[in-house]
Amino acid sequence: MKNVKHLYASLFLTLVHVCLATKANYAPYFFDNGPGSSNGNMAMFSLSEDTPLGSHVYTLNGSDPEGNAVIYGIAFEPGSKKYFAVDAHLGNVTLTEELDREKQNEVEVPISISDGINKVVEKARVLITDANDERPEFINTPYIVDVPENTPPGSSILKVLARDQDIGSGGSVTFLLQSTHDTKFIIDRYSGILRIRPDSSLDYEKSRAHFVTIIAKDGGGKLRGKYQIWTSSATVTINVIDVQDTPPVFVDLPYYGYVYEDTLPGTEVFTVVAYDGDRGNPNSIQYAIVNGSDGSFTINSTSGAIIVQDHTSQLKKDVYQLQIQATEVSPDGVAGMHSNAIVTVRFVDLNNHPPTFYGENGPQNRFELTMYEHPPEGEILRGLKITVNDSDQGANAKFNLRLVGPARIFRVVPHIVLNEAQITIIVENSAALDYEKYQMLTFKLLAVEIDTPEKFSSTANIVIHLLDTNDNKPTFSSEYYIARIPENSPGGSNVVAVTALDTDSGLWGEVKYSIYGEGEDTFLINPSTGIIYTQPWATLDAEIKSKYNFYVKAEDIEGKHSLAEVFVTVLDVNDHYPEFNENILEKTMILGTPVKIEALSKGPVAAFLMHTKDNPMKALGVLTGVVCFMVIITVFISTVMFWRNKKSNKILPARRVIKRRQKEPKQKTARKAWLRFKPLKNTSERFATQESESNFQNMNSNNNSWVTSVPPCAPALPPSPPYIPKQCRHDGSLPTVSGSLLQNTSHQVNNKGPNISIALVSELKLKLEKKMRENA
């Protein structure tokens with residue numbers, strides 16, 4: 001018992017201790033936040049519905065009076081969406097479910113704060129703000145409306161409705177048409193009323209239905225930080241209702257009927273068909289003949305069948321023009337709108353007529369046309385007025401058309417004809433219509449029935465007369481002409497005749513000749529005959545110019561022309577005397593030096609070279625023989641002179657005789673000479689020489705050249721005195737004791753040359769005289 005009392009005492013003391021401790025610990029609390037704050041107890045907190053999941057949207061914040069750490073919590077009721085989650089220690093609130101203001105515009109959030117002993121729970125209401133995330137939606141779709149075709153322009157036919165669950169500008173809706181091009185309708189931007197355009201009307205016969213796409217557009221707003229405009233569309237089907245506003249319409253116009261010679265009275269010859277132009281609600285049609293029957297034909301008022309009343313022998317005309325009237329009749333029997341059509345009824349006998357060609361004045365089997373050559377391809381021969389007709393009917397009147405004649409020049413249209421056709425002939429090959437080849441072309445136009453056993457046919461002659469045009473230019477008989485004329489021909493001599501032909505006729509075929517470009521200074525041409533002459537004052541010289549070439553032009557009256565080249569060779573004649581190249585000059589020389597004297601002519605050698613210009617090997621052989629002969633002679637003479645001087649051991653002449661040769665009368669011409677002795681004057685001998693040249697000047701300009709051999713060397717000179725003469729200009733040869741012929745003036749020695757030569761010879765003379773005295 002004592003123990004029990006002690007236990008109760010302990011429990012009591014414990015309870016008192018707990019009560020005292022509880023009384024001393026205060027509960028934690030949230031901080032209050034103001035509008036727009038994101039820190040506190042979420043009071044007056046709003047959040048946009050387009051906030052992304054996982055976003056940190058708020059921070060719970062509170063405190064414990066005792067300064068203990070607090071723990072935050074959010075606990076939604078079971079079965080409800082858990083829109084937010086919180087970090088228990090930091091208080092960061094995160095969005096965990098998507099928000100939709102249109103479904104739920106606020107969320108109740110149970111938030112709590114605890115210090116581990118005490119826990120405070122509050123309910124915060126989070127306002128969901130709108131974002132422009134909804135499209136406008138049309139109401140009462142689909143839109144189908146029936147409109148009579150006679151509805152006045154500007155009338156309203158439909159009002160469309162659309163709503164947008166967003167608020168503000170994003171929830172306002174305006175309307176517009178997707179396409180305003182070629183539409184008969186307009187829509188009010190705000191009310192959505194669809195109307196017929198004031199300047200348009202509906203027509204059932206043209207279009208039985210219209211489809212209009214209407215766009216509903218909101219006013220736009222922010223969505224996830226960007227400005228967004230949403231649109232929706234709906235299609236309106238407008239059915240046009242037919243009304244009786246169109247007269248009957250005949251089918252397959254024009255109408256042709258035929259009565260054959262064996263047709264019996266009461267026979268149906270043709271049937272017309274008409275229907276009510278108002279196809280939506282058509283009325284029945286009644287037919288009647290109002291004119292043109294002459295009592296010979298009747299018509300079934302309901303079927304439209306035309307019936308012949310009389311025997312064919314009693315028909316008064318071959319062709320009847322029946323005027324048929326089709327009238328609408330309403331279900332009440334009231335006559336309405338009507339239309340008229342013409343039915344042509346022809347009287348036709350059996351297939352006993354072939355196709356027939358007609359001209360402007362009736363049947364015709366010959367057609368003629370005059371035209372210019374080379375018309376454009378595809379051109380129609382409008383001058384031919386040809387019609388073809390077969391008086392039979394049906395298959396008996398079906399026939400082919402074709403042209404028989406030069407192929408692929410023309411083609412005929414049409415190829416197949418039923419009853420009657422206007423014939424068109426078209427140019428297919430313009431080049432073949434050439435006046436220079438044909439002045440007249442004849443074709444046969446053939447019409448042959450296709451599906452008849454008789455195969456009746458007809459033929460018409462088509463005669464085409466061509467007129468010439470200036471379509472050709474003069475053409476020379478050759479692209480070039482070659483002529484030769486002696487150089488001694490007098491002025492006005494014939495050179496060559498050129499010929500050109502222009503195949504055009506008349507004045508277009510006349511050809512005028514002229515020299516084109518260079519050549520007029522030396523030659524002239526007869527403008528009519530084409531004969532080329534030398535100018536009256538022209539002097540030909542083969543040594544100056546032996547080749548001429550120029551162009552001649554042949555042109556017609558309109559300036560069309562062609563050119564040909566003329567080559568003229570001036571033939572050389574023997575009209576020049578041989579001449580030395582230069583005047584004879586004196587020059588000292590060493591005895592034994594070869595001497596060459598040259599005179600040029602246009603003699604046998606030049607003539608030979610001219611005749612062998614086409615056979616160069618022959619000329620080369622002859623020249624080689626001449627050169628070899630000259631070399632042999634030169635070697636022989638040089639050898640004789642060398643041994644003579646060696647035996648005598650003397651150099652002649654013994655006396656000093658150096659004088660300039662006086663000008664002598666013109667000597668007889670020598671073709672070639674390596675050594676020429678002159679008469680002796682006083683006691684010394686004199687030689688006339690010319691230095692050897694590697695090439696001689698070609699006076700005929702005929703590209704021939706002389707080939708010479710190098711002469712043998714002269715004996716060595718005796719020792720020269722110590723005297724050194726003043727340098728002078730010379731042509732590279734040794735001084736001589738006689739004169740020479742120079743090739744040109746540029747090789748002549750200057751004025752000081754003779755004095756130097758005289759001094760050298762004087763020294764030699766003294767030494768020779770001294771040696772001769774010693775030997776004596």
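**View 1. A nonpolar surface patch formed by Y480, I482 and F567**. In this predicted model, the side chains of Y480, I482 and F567 make up a nonpolar patch of about 300 Å² on the surface. F567 belongs to strand β49, which covers residues 561-571. The relative accessible area of F567 is 32%, and patch members must have over 30%, so F567 meets that cut-off while being classed as partly exposed.

**View 2. The surroundings of T387 in strand β34**. T387 is located in strand β34, which comprises residues 386-389. Its side chain forms a polar contact with the side chain of Q422, at 3.0 Å. When residues up to four places away in sequence are left aside, T387 touches T356, F357 and Y358, as well as E420, A421 and Q422. Q422 thus appears both as a polar partner of the T387 side chain and among the residues that T387 touches.

**View 3. An open four-stranded sheet with mixed pairing**. The strands of this open sheet follow the order β2-β4-β8-β7. Strands β2 (39-40) and β7 (84-86) are the edge strands, each pairing on one side only.

**View 4. The antiparallel pairing of β7 with β8**. Edge strand β7 is joined to strand β8 (residues 92-95) by three bridges, and the two strands run antiparallel. Within this pairing, F84 has L95 of β8 as its bridge partner.

How values were computed:
Residues are numbered from 1 along each chain as its sequence is written. This is a predicted model: local features need pLDDT of at least 70, side-chain atom pairs count only at pLDDT 80 or more; totals for chains, interfaces and linings use all residues. Side-chain values use heavy atoms; hydrogens and water are left out. A polar contact is a pair of N or O atoms within 3.5 Å; within protein, one must be able to donate a hydrogen and the other to accept it, and residues adjacent in sequence count only if both atoms are side-chain atoms. Contact means heavy atoms within 4.5 Å. Two strands pair if DSSP finds at least two bridges between them. Patches are made of residues with over 30% relative accessible area and no salt bridge: like charges are joined within 9 Å, nonpolar side chains (Val, Leu, Ile, Met, Phe, Trp, Tyr) within 5 Å. Accessible areas come from the Shrake-Rupley method with a 1.4 Å probe; for residues, only the protein chains shown count as cover. A salt bridge is a side-chain nitrogen of Lys or Arg within 4 Å of a carboxyl oxygen of Asp or Glu. Buried means under 20% relative accessible area, exposed over 50%, partly exposed in between (1.4 Å probe, protein chains only).
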